[in-house]
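I opened the notebook today to look up how aromatic rings meet one another, and where charged side chains meet rings. The entries follow in the order in which I checked them.

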Amino acid sequence: MQWLKLKLPFIYLICTVTWATAWANLERDPNGYLTYCPCMGRFGNQADHFLGSLAFAKGLNRTLILPPWVEYRKGEMRSRQVPFNTYFDVEPLKDYHRVILMSDFMWHLADDVWPESERVSFCYMERKSLQQEKNDPDQPNCHAKDGNPFGPFWDTYNIDFVKSEFYGPLHFDVHHSTMATKWQSKYPAESWPVLAFTGAPASFPVQLENRELQKYMQWSAKYRDAARDFIRKVLPRGAFVGIHLRNGIDWVRACEHVKDSQHLFASPQCLGYKNERGALYPELCMQTKESIVRQLKRTIKNVRQTQPNNEIKSVFVASDANHMIGELNVALSRMGISVHRLPEDDPYLDLAILGQSNHFIGNCISSYSAFVKRERDSHGFPSYFWSFPKEKDRQQSKAHEEL
Ligand code: GFB
């Protein structure tokens, strides 16, 4: 009896660990794992990268470790890591491929699958450290934890790397070549159970073939419910147009690059990946207030004519800076339309509401808008872009139709 008393806490611990592991269904994947830091850009960029990384993990037949979202708060030196499932459900992703939350992997499997002494960081080629003294010409390194968000990201899970691996000239397009086989033969799962990438193993903007994976990204109950409540309780009954106004100072600066580029950020979503629907032009990036009001009124009138039974009653504005609530209310009040925004800034709730609007007008260049467009495409909901097609082209095609 005494023996049992002494052993009881130990037995309890074993049972708890076994139960927790079984509960989470966490068996080791013999095909290996893939992890990466979403170290480039904010949400829109990270979401593009996520879809590519998901396709890449499937191509390599490795379980994708779902990284937390990396967020930046004003005045904070270090990024914040927000668990993947704060915003999106894990289960729907499993309809496409095997995935595991990073915390689950680190808590339940890492000791066995990825011991501390075997943690190697992958980068295409040497990545120089900002601290000169760390750069050793005889020992090139990924410096995977150098700078923000690189350090804070891996620190969140107490991950340090003992070595670097340069994978060039391999790349991530598993759709157009035998690239997946090349990765598998160079890095078999038995000797490389975890491939840990310094940045996302994916392109930006998202590769055309991977856009449709958006359908597996489904909002968590918290965001689904919050979006539904806002639409039901705050917006008037009836259809609404969701609009994205990207107009902060960072955007004004980014738009200066339009003049020397074929593409900028998410622009392939309207111009086509090979510019088959036209070249880049400034108004696609930044619109005047007058043109926004004009296009919004035109859209509302069109819907009134084409869908008289589902009349638009309101406009929901999402913006990183100027929501133009005053101007829009003045411009649209004669049409009996009210204009709304969230009482407090919430980029994720803005996205979830835009995804549910009856009509959506977004910014073609913005990857934040691109997220909404992809989600709506997956539901068959209509979307349009500011100043697209180009005013002149639009008039020409209208004249053509009238002929
Ligand atoms: O998401 P993101 O990469 O999209 O970065 P872009 C923009 C960020 O601004 C979002 C905030 O992640 C949000 O935090 N933001 C933008 C918004 N629009 C809204 C909105 O309607 N509501 C709220 N609440 N927040 C590009 C990047 O941003 O901006 C480039 O792709 C570069 O890397 C450039 O940084 C300047 O594609 O729009």
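**Aromatic rings and their neighbours**

I began with F385, which is buried, its relative accessible area being 5%. I note here that the model I am reading is a predicted one. I then looked up F388, which has a relative accessibility of 23% and therefore counts as partly exposed, since buried would require a value under 20%.

I next counted the aromatic pairs and found 40 of them in the structure. The one I took up in detail is formed by Y167 and F197, whose centres are 5.6 Å apart and whose planes stand at 70°, an edge-to-face arrangement. Y167 belongs to the loop between β7 (163-166) and α5 (179-186), while F197 belongs to strand β8 (residues 194-197), so this pair ties together parts that lie 30 residues apart in sequence. I checked the burial of Y167 and F197 as well, and both are buried.

I returned to F385 and F388 to look at their rings: the centres are 6.4 Å apart and the planes are at 75°, so I entered this pair as edge-to-face, the cut-off for that class being an angle over 60 degrees.

I also looked for rings that group together, and noted one aromatic cluster formed by F43, F50, W69, F84, Y87, F88, W219, Y223, Y348 and F371.

Last, I looked up charges over rings. The charged end of K58 sits over the ring of Y96, at 4.7 Å from the ring centre, and the charged end of R127 sits over the ring of F150, at 4.0 Å from the centre of that ring.

Definitions and conventions: Residues are numbered from 1 along each chain as its sequence is written. This is a predicted model: local features need pLDDT of at least 70, side-chain atom pairs count only at pLDDT 80 or more; totals for chains, interfaces and linings use all residues. Side-chain values use heavy atoms; hydrogens and water are left out. Rings of Phe, Tyr and Trp (its six-membered ring) pair if their centres lie within 6.5 Å; planes under 30 degrees apart count as stacked, over 60 as edge-to-face and the rest as tilted. Helices (H or I, at least four residues) and strands (E, at least two) are DSSP runs, numbered from the N terminus. Buried means under 20% relative accessible area, exposed over 50%, partly exposed in between (1.4 Å probe, protein chains only). A charge sits over a ring if NZ of Lys or CZ of Arg is within 6 Å of the ring centre and within 35 degrees of the ring normal.
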